[in-house]
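User: I'm new to reading structures and would love a close look at a single part. Could you pick one and talk me through it, explaining your terms along the way?

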Amino acid sequence: MAMAYSDKVRDHFANPRNVGKIEDASGVGEVGNAVCGDIMKMYLKIEDNVITDVKFNTFGCGAAIATSSMATEMIKGKSVDEALQLTNKAVVEALDGLPPVKLHCSVLAEEAVKAALADYYTKQGLPVPEECQAACDHNCEACGI
C-alpha cells in the first residue's frame with residue numbers, strides 16, 4: 001500500500017533545503033534510529049545567539065530528508081532560545097502531516113537540532129538546557145508512533 005505524502009513533504013524530499021556541512025560549525029549533532037536505519041547530522045552556525053546558518057546530512061528515507069529540511073528552515077535566523085522550542089509536532093504540522101509510520105522521522109529531526117544545540121552549549125562552556133535532552137527513548141509503541 002502506498003503512503004500518502006503531502007505536497008510539502010514531496011517538495012522537501014525532491015528539493016531539500018540547507019543540505020551540506022558547515023566546516024567551522026558552532027554546534028554539531030548526530031542522531032540515529034537503529035530500528036529504521038535513519039541517521040541525521042545537523043550543523044549550526046551561531047553568532048550573537050542567532051542561528052545564522054544551518055546545514056544537514058541525512059541518510060534515510062524521503063520522510064527523514066523532508067523533516068530534516070523543514071527543521072532547518074524553521075530554525076534558520078532564529079535565536080537559540082527559539083530553536084530550543086522546536087518540536088517534532090511543529091515539524092509535522094509545517095509539512096502538512098506525515099503518515100503515522102513515519103512520525104519517528106520528525107522526532108529524529110527535533111533530536112538532531114537539540115543535539116547540535118547541546119554541542120554548542122558544551123563548546124561555550126555553558127550548562128546544557130533540559131530542552132536539549134533526548135525526548136525519545138525510541139520505544140515507538142510507548143508513544144504510539
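Analyst: **A close look at helix α2**

D96 lies in the loop between α4 and α5. Its phi is positive, about 60°, although D96 is not a glycine. Most residues other than glycine have a negative phi. Before we go on, note that this is a predicted model: local features need pLDDT of at least 70, side-chain atom pairs count only at pLDDT 80 or more, and totals for chains, interfaces and linings use all residues. Residues are numbered from 1 along each chain as its sequence is written, and side-chain values use heavy atoms, with hydrogens and water left out.

Now to the main part, α2. Helices (H or I, at least four residues) and strands (E, at least two) are DSSP runs, numbered from the N terminus. Helix α2 covers residues 62-75, and at 1.5 Å a residue its 14 residues should span 20 Å, which agrees with end C-alpha atoms 20 Å apart. The expected span is 1.5 Å times one less than the number of residues. After α2 comes G77, with a positive phi near 85°.

Is α2 enclosed or open? Eleven of its 14 residues are buried, so α2 is largely enclosed by the rest of the structure. Buried means under 20% relative accessible area, exposed over 50%, and partly exposed in between (1.4 Å probe, protein chains only). Among the buried ones are A63, I65, M70 and I75. The buried residues of α2 pack against α1, β2, β3, α3, α4 and α5; contact here means heavy atoms within 4.5 Å.

Let's take the partner α1. Two packed helices are described by the angle between their axes and the distance between the axes. The axes of α1 and α2 come within 8 Å and cross at roughly 90°. That makes α1 roughly perpendicular to α2. Axes are lines fitted to C-alpha atoms, for helices over the stretch in contact, and angles run from 0 to 180 degrees between N-to-C directions. Under 35 degrees counts as roughly parallel, over 145 as roughly antiparallel, 65 to 115 as roughly perpendicular, and the rest as oblique. On the α1 side, V9, H12 and F13 meet G62, I65, A66, S69, M70 and E73 of α2. By class, this contact of α1 with α2 has five nonpolar, three polar and one charged residues. Ala, Val, Leu, Ile, Met, Phe, Trp, Tyr, Cys and Pro count as nonpolar, Asp, Glu, Lys and Arg as charged, and the others, Gly among them, as polar.

A loop residue also touches α2. N18 sits in the loop between α1 and β1 and is buried, with a relative accessible area of 11%. Leaving aside neighbours within four places in sequence, N18 is in contact with V54, K55, F56, T72, E73 and K76. The side chains of N18 and T72 are joined by a polar contact of 2.8 Å, and the side chain of N18 makes another with the side chain of K76 (3.1 Å). A polar contact is a pair of N or O atoms within 3.5 Å; within protein, one must be able to donate a hydrogen and the other to accept it, and residues adjacent in sequence count only if both atoms are side-chain atoms.

Finally, look at strand β3, which holds F59. F59 counts as exposed, at 60% relative accessibility.
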